[in-house]
Amino acid sequence: FVHVLLRSFQAAPYKLATEAPERWYLALLGFAEHFRTSSPPKIRLCVHCLQAVFQFKPPQRIEARTHLQLGSVLYHHTKNSELARNHLEKAWYISQQVPQFEDVKFEAASILSELFCQQNLVDSAKPLLRKAIQISQQTPYWHCRLLFQLAQLHTLEKDLVSACDLLGVGAEYARVVGSEYTRALFLLSKGMLLLMERKLAEVHPLLTLCGTIVENWQGNPIQKESLRVFFLVLQVTHYLDAGQVKSVKPCLKQLQQCIQTISTLHDDEILPSNPADLFHWLPKEHMCVLVYLVTVMHSMQAGYLEKAQKYTDKALMQLEKLKMLDCSPILSTFQVILLEHIIMCRLVTGHKATALQEISQVCQLCQQSPRLFTNHAAQLHTLLGLYCISVNCMDNAEAQFTTALRLTTHQELWTYIVTNLASVYIREGNRHQELYSLLERINPDHNFPVSSHCLRAAAFYIRGLLSFFQGRYNEAKRFLRETLKMSNAEDLNRLTACSLVLLGHIFYVLGNHRESNNMVVPAMQLASKIPDMSVQLWSSALLKDLNKALGNTMDAHEAAQMHQNFSQQLLQDHIAACSLPEHNLISVGHIGPAQSKPRTGPPPASPACYETAAFCLMGTDPRAEPLSDRLR
């Protein structure tokens, strides 16, 4: 029926064209929309209907709009990017000749620039967006949207200076047109980029200004709460990035209360009166997952691993539901970051086989997106390195960490990898030159490469571990007491447990059994609470020997039984993990297509590419560095 109808349209175009233009146009448009929204969509028939419009030699307004519709359908639903580009370029060219045709003109420019970026033609996208921005100043919605888009493009190129400049221009423009809401979005986005650049002197006054704007703005409740979530996410991730797990708790609690408020609000269909306010940071369902994510990051860093696992399960369940209806790339980014954290959780709690299967799952997710591979290749190799340590494959661990160092451009992740690689060299016992070279770069007493409280405390622990192995016990105690002081100050429970058990071991070697017991008992209690299988194994072995030395036969027997149970659990898990086909991943030299030159020192303070959603992106991410204080 449709083919017959289209042939009848094409057979008599001149007759139909003399009738009211809207009749034939609306008929074809109606058919095209019907086919586009069919289940499944019938894109070929939709395109045929739109192409039939040109048979009638329509006026420029209809011609330009039809080219835009064809370009958009082809771009979003087919792989025919050249034909899509052809239609979008015609829409952009024709619409500039038609007065008061802003929507078609700027939408064509926006989609065409997206297509250019997809084709790696960034140098074509940037001048197009600049011209569109230049001529859109009388159209607030499109001017702001195009500024966001160009800023996003610069961010993906890691040109954060240009991106910040554009966001500053957008904030001032929004103020001039009376949109405090969109001004806050621009400023919060700029604050996020400044955090990525570690420009803390500029971040603090900007976030203070943002807080004032958000609290004073009176408008749509969901929009107001979403601004508060954005603001609080930046604050929480800033604290976590600095390793300040205790200090972040008030902000994290506010964030969790805020997302609960949003979940009770109903979406208001009333559009804002100011066109510049027609933006939203993230859908509230995405915000819920994001809050779960930062809660998991906090729990991992603090050593509340059961809590981390609980929130990871909730978030992943929510993500599975969302991905059935939404193909937004940020959802895959959330999923990868969550899996990276739960993998570390499994390694600590003695579930290596499950961790290995989840590492394989992350690999598969990244294979579906070149951007994910680029952003997470270093983290993947780091996780494989941690897994290798857990199964005592030290040569493979060294290879994985070395590859990760070559790939990362993020200072905190670089420091984290070097710290773990140093622990590998300490355990091997014969890599003195390489070890001292690494330790010079992560000296916690002098020019530590990052501001992270957690990583600096971990560096003290590594120094204490080395001194212990070298028999320099007084020096080891000094380093470990520094670790304890720092970890207690910020509730870094895993570092506290590790430091206590190592101090207990030192006192045991020195023959001070009472003091050793005073260290090992709380270490065991804390490790059981986390739970950390390796520290429990270590503590139970020490308790067995301590109680024997102190003449506590019953306690020694109980500790010996605990040690036997932990040994059996870890051995069974070790055998299960090494028997999996995924275990072969430890021999993979490089995951992903990206190649990088070897890095010999700390990288510059530039982030891995961040995934974005309507440009006002999640501030944690997408870098996704392992934020636990995990050390083997």
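**Note on an all-helix predicted model**

1. Met486 sits in helix H24, which covers residues 473-489. The model is predicted. Met486 is buried, since its relative accessible area is 6% and buried means under 20%. Outside its neighbours within four places in sequence, Met486 touches His453, Arg456, Ala457, Phe460 and Leu492. A long-range pairing also involves this residue: Met486 and Gln244 are 242 residues apart along the chain, yet their C-alpha atoms are separated by 9.9 Å.

2. Now the whole protein. What secondary structure does the protein have, in helices and strands? The count is 28 helices and zero strands. The chain has 632 residues, and 56% of them are buried. The exposed area is about 26,800 Å². Carbon and sulfur atoms supply 52% of that area. Consider next the contacts with a sequence separation of 6 or more: residues 24 or more positions apart account for 67% of them.

3. Helix H7 spans residues 102-118, and Ser113 is found there. Ser110 has its place in H7 too. Are these serines buried or exposed? Ser113 is buried, at a relative accessible area of 1%. Ser110 also counts as buried, with 1% relative accessibility. Both values fall under the 20% cut-off for burial.

4. The contacts of the two serines can be read side by side. Leaving aside neighbours within four places in sequence, Ser113 meets Ala125, Leu128, Leu129 and Gln149. With the same neighbours set aside, Ser110 meets Trp142, Arg145, Leu146 and Gln149. Gln149 therefore appears in both lists. Ser113 and Leu129 are 16 residues apart in sequence, and their C-alpha atoms are 6.9 Å apart in space.

5. Next, helix packing. Two packed helices are described by the angle between their axes and the distance between the axes. Take helix H20 (residues 394-407) and H21: their packing angle is about 155°, and their axes are 10 Å apart. H20 and H21 are therefore roughly antiparallel to each other, as angles over 145 degrees count that way. Their crossing is left-handed.

6. Which residues make the contact of H20 with H21? From H20 come Met394, Asp395, Ala397, Glu398, Phe401, Ala404 and Leu405. From H21 come Trp414, Ile417, Val418, Asn420, Leu421, Val424, Tyr425, Arg427 and Glu428. By class, this contact holds 11 nonpolar residues, one polar and four charged.

7. H21 covers residues 411-428 and also packs against helix H22, residues 432-441. The angle here is about 150°, with the axes 9 Å apart. That makes H21 roughly antiparallel to H22. The crossing of H21 and H22 is left-handed.

8. On the H21 side of that second contact are Trp414, Val418, Leu421, Ala422, Tyr425 and Ile426. They meet Glu434, Leu435, Leu438, Leu439 and Arg441 in H22. The residues of the contact divide into nine nonpolar, no polar and two charged. Among the H21 residues named for both contacts are Trp414, Val418, Leu421 and Tyr425.

9. Two peptide bonds deserve a look. Where are the cis bonds at proline? One joins Ser39 and Pro40, with omega about 0°. Pro40 is in the loop between helix H3 (21-36) and helix H4 (43-52). Another joins Ile530 and Pro531, with omega about -10°. Pro531 lies in the loop between helix H26 (513-529) and helix H27 (533-550).

10. Backbone angles raise a further point. Lys158 is not a glycine, but has a positive phi of about 65°. Lys158 is in the loop between helix H9 (140-156) and helix H10 (160-176). At 39% relative accessibility, Lys158 counts as partly exposed.

11. Arg198 likewise has a positive phi of about 65° without being a glycine. Its loop runs between helix H11 (180-196) and helix H12 (200-216). Arg198 is partly exposed, at a relative accessible area of 23%.

Methods:
Residues numbered from 1 in each chain as written. Predicted model: local features only at pLDDT ≥ 70, side-chain atom pairs only at ≥ 80, totals over all residues. Heavy atoms only, no water. Axes fitted to C-alpha atoms, helices over the stretch in contact; angles between N-to-C directions. Helix = DSSP H or I, 4+ residues; strand = E, 2+ residues; numbered from the N terminus. Parallel < 35°, antiparallel > 145°, perpendicular 65-115°, else oblique. Left-handed = near helix turned anticlockwise from the far one by under 90°. Contact = heavy atoms within 4.5 Å. Nonpolar A, V, L, I, M, F, W, Y, C, P; charged D, E, K, R; others polar. Buried < 20%, exposed > 50% of the residue type's maximum accessible area, 1.4 Å probe, protein only. Areas by Shrake-Rupley, 256 points an atom, 1.4 Å probe, with all protein chains shown as cover.
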